[in-house]
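Q: I would like a close look at one part of the structure shown here. Please treat it in a single, connected account.

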Amino acid sequence: MAAECPVCGADIEFPEGTVENELIECPDCGTELEVISVDPPKVEEAPSEEEDWGQ
Ligand SMILES: [Zn+2]
């Protein structure tokens, strides 16, 4: 199964055991992608690393 990178359009092969919300890197453009759905395979550009959890 393969998703399509929203940035460069490359096919993203999900490694075995991939789950929703997992972050994977596009092998082509290096963009960090979030797994939206495993079946059907879908990824989105991961949100930036600006996390403000307010400790
Ligand atoms: Zn890409």
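What percentage of the contacts in the protein chain with a separation of 6 or more is accounted for by residues 24 or more positions apart? With that as background, please describe the open sheet of 3 strands, together with the loop between β4 and β5.

A: The model is a predicted one. Residues 24 or more positions apart account for 23% of the contacts in the protein chain with a separation of 6 or more. The C-alpha trace of the chain spans about 40 × 20 × 15 Å along its principal axes. The chain contains 5 strands and 0 helices, giving the pattern β-β-β-β-β when it is read along the sequence. Of its 55 residues, 13% count as buried.

The sheet in question is open, has 3 strands in the order β3-β4-β5, and is paired in the antiparallel sense. Strands β3 (23–25) and β5 (42–45) stand at its edges; each has a single partner strand, so one side of each is left without a neighbour in the sheet. On average, neighbouring strands of this sheet are turned by 45° against each other, with direction ignored. As a general matter, strands of a sheet pair through backbone hydrogen bonds, in either a parallel or an antiparallel arrangement.

The pairing can be followed residue by residue. Between β3 and β4 (residues 32–37), the antiparallel pairing runs over 3 bridges. Within this pair, L23 has E34 of β4 as its bridge partner, and E25 stands opposite E32, also in β4. The hairpin of β3 and β4 has 6 residues between the strands, and in this hairpin G30 takes a positive phi near 80°.

On the other side of β4, the antiparallel pairing with β5 extends over 4 bridges. Here V35 stands opposite V43 in β5. Both V35 and V43 belong to the largest nonpolar core, whose 7 residues also include A3, C5, I12, C26 and L33. In soluble globular proteins, nonpolar side chains tend to be buried together.

V35 also has contacts beyond its cross-strand partner. Setting aside residues up to four places away in sequence, V35 touches T18, V19, E20, N21, E22, I24 and V43. One of these, N21, lies in the loop between β2 (11–13) and β3. N21 is not a glycine, yet it has a positive phi of about 75°. With 8 C-beta neighbours inside 10 Å, N21 counts as exposed, because a residue is exposed at 12 or fewer such neighbours.

The connection from β4 to β5 is a hairpin of 4 residues. V38 has its place in this loop between β4 and β5. V38 has 15 C-beta neighbours inside 10 Å and therefore counts as partly exposed; that number falls between the limit for exposed, 12 or fewer, and the limit for buried, 20 or more. Apart from its neighbours within four places in sequence, V38 is in contact with F14, T18, V19 and E20. T18, V19 and E20 are also among the residues that V35 touches. The C-alpha atom of V38 is separated by 11 Å from that of I12, although the two residues are 26 positions apart along the chain.

D39 lies in the loop between β4 and β5 as well. Its exposure is set by a neighbour count: D39 counts as exposed because it has 8 C-beta neighbours inside 10 Å. The C-alpha atoms of D39 and A10, which are 29 residues apart along the chain, are separated by 18 Å. P40 is likewise found in this loop. The peptide bond that joins D39 and P40 is cis, with omega about 5°.

In summary, β4 pairs with β3 over 3 bridges and with β5 over 4 bridges. The loop between β4 and β5 holds the partly exposed V38 and the exposed D39, and P40 in this loop is joined to D39 by a cis peptide bond.

How values were computed. Residues numbered from 1 in each chain as written. Predicted model: local features only at pLDDT ≥ 70, side-chain atom pairs only at ≥ 80, totals over all residues. Core = buried A, V, L, I, M, F, W, Y, C linked by C-beta atoms within 7 Å. Contact = placed C-beta atoms within 7 Å. Pairing = 2+ DSSP bridges. Helix = DSSP H or I, 4+ residues; strand = E, 2+ residues; numbered from the N terminus. Axes fitted to C-alpha atoms, helices over the stretch in contact; angles between N-to-C directions.
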